[in-house]
Structures are given as structure tokens and as C-alpha cells.
Amino acid sequence: MPPATHVRTENIPLDQLEPFPGNARRGDVELILSSLERNGQYRSLVVRAIPDGPLVVLAGNHTMQALALHGPGPCDYRTTHQGEEQPCGVCHGKDWTPSARAEVIICDDDTARRINLVDNRASEVGDYDRDALAELLSYLDEDGYEGTGYTEAEVRQLAHAVPPLDTPDSDTALYAEDATHYVHTCPSCGHRFTGNSG
């Protein structure tokens with residue numbers, strides 16, 4: 001079977017797109033919409049062009065649903081970034097017909113299924129470097145966590161979690177303050193996280 005072939009990149013009205021039939025993933029559409037409103041559409045859908053057939057979304061089905069949930073613009077969404085008010089990243093506060101930027105490909109049925117499956121699976125089997133994640137989140141305090149997928153409570157929980165005790169290195173200050181409290185200093189930013197061990 002040949003690999004997928006890129007045909008074009010274009011902005012496609014949502015009413016011309018069909019969801020992947022039998023897509024097994026159940027995404028958080030409202031969370032994705034929150035990101036789109038704050039950040040805009042930073043990643044294209046992957047759409048299969050079927051000769052004499054529909055345009056089928058292989059990857060980005062929930063992004064398509066989130067854009068549809070937004071509906072036609074303009075909307076009332078506003079956020080403040082570094083002291084300046086910003087409009088919605090989807091409609092930009094203007095008239096907008098629901099559409100999505102898409103990478104259009106051609107492929108056979110088997111490759112289409114494989115693309116849909118791996119797109120849903122790849123992020124699920126990944127993991128996090130907790131120090132790197134905490135550092136990234138620490139840069140966002142001024143503007144809050146809107147559009148990141150994290151809530152303030154989740155960030156507090158992450159910041160107060162105790163890092164593993166079996167893998168400290170010379171650049172990571174991890175020590176017992178007493179029998180139940182630990183302090184971890186991020187080797188990159190120097191931020192100190194404290195937590196209870198029990």
C-alpha cells in the first residue's frame with residue numbers, strides 16, 4: 001500500500017467535511033474550543049479526498065466539532081494578553097463562516113484507518129517530564145492557564161506533587177525537611193515545589 005500523498009492545504013467550510021466514520025476517540029470538544037478561542041487554529045485537520053466522494057477528516061475530528069460548536073462569528077469572546085484585549089482566535093471578532101484549515105491528502109482505505117488510529121493513540125501513550133511541564137506552566141502565571149487545557153487547581157496539584165525519590169541527580173535539590181515534607185527545586189528555573197510524602 002502506498003503512503004499518503006499531500007495534495008494541498010486550504011481553508012474548507014465545515015459543511016464540506018465529513019467526520020471519520022467509526023472514529024473511536026471521544027475528545028473534550030469544549031476544552032478544544034477554549035484553546036481555539038485563546039490560541040486560534042494552530043494545527044491543520046488532516047482530510048482525505050476521495051475521488052468522486054467526500055472530504056473525510058482523518059485527524060482533527062474534535063477540532064472540527066469545536067469549530068462547529070463555536071458557530072458563525074462574530075462572538076463575544078475576549079481575553080487579555082500582556083495588558084491588551086484580544087478577540088477570539090477563531091472568528092477574530094468578525095463575521096466568520098465555520099471553516100477549518102486542512103491538509104488534504106489522498107490515500108487508500110487501509111492507510112486512512114491507520115492515520116486515524118495513530119493520531120488518536122500517539123498522545124495517549126506519551127508521558128511527561130514533570131519538571132519541564134511545571135516550568136512551562138510557570139511562565140503563564142500572568143495571563144492564567146486559559147487555552148492550555150490545565151486548570152489552576154491542576155497546576156497547584158502538579159506544583160505540590162512530590163517528585164520520585166529514586167532518581168535525584170546532582171542538579172536537582174530534593175531533600176527531606178522532616179519525615180513528611182519534601183522540597184524539589186526545578187533545575188531549569190529554580191522554582192521550589194514543596195509537598196507531603198504521606
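The questions and answers below cover the sheet, one helix residue and the largest pocket of a predicted model. Residues are numbered from 1 along each chain as its sequence is written, and side-chain values use heavy atoms, without hydrogens or water. Local features need pLDDT of at least 70 and side-chain atom pairs 80 or more, while totals for chains, interfaces and linings use all residues.

Q: Which strands stand at the edges of the open sheet?
A: Five strands (DSSP E runs of at least two residues) form a mixed open sheet in the order E1-E7-E3-E4-E2. Strands pair if DSSP finds at least two bridges between them. One side of each edge strand lacks a neighbour because each has a single partner; these strands are E1 (5–13) and E2 (17–19).

Q: What is the bridge partner of Arg 48 in E7?
A: E3 pairs with E7 (residues 99–106) in the parallel sense, over four bridges. Arg 48 has its partner in E7 at Ile 105.

Q: How far is the C-alpha atom of Ala 68 from that of Leu 33?
A: Ala 68 belongs to helix H2 (helices are DSSP H or I runs of at least four residues). Ala 68 is partly exposed (between 20% and 50% relative accessible area, 1.4 Å probe, protein chains only), at 47%. Along the chain, Ala 68 and Leu 33 are 35 residues apart; their C-alpha separation is 9.3 Å.

Q: Which element gives the most residues to the lining of the largest pocket?
A: A pocket is an open set of 1 Å grid points where a 1.4 Å probe fits, with protein on both sides within 12 Å along at least five of seven lines; lining residues have an atom within 4 Å of a point. The largest pocket has 40 lining residues, with Leu 31 and Tyr 42 among those nearest its centre. Elements giving two or more include H3 (109–122) and H4 (130–138). The most, five residues, come from H1.
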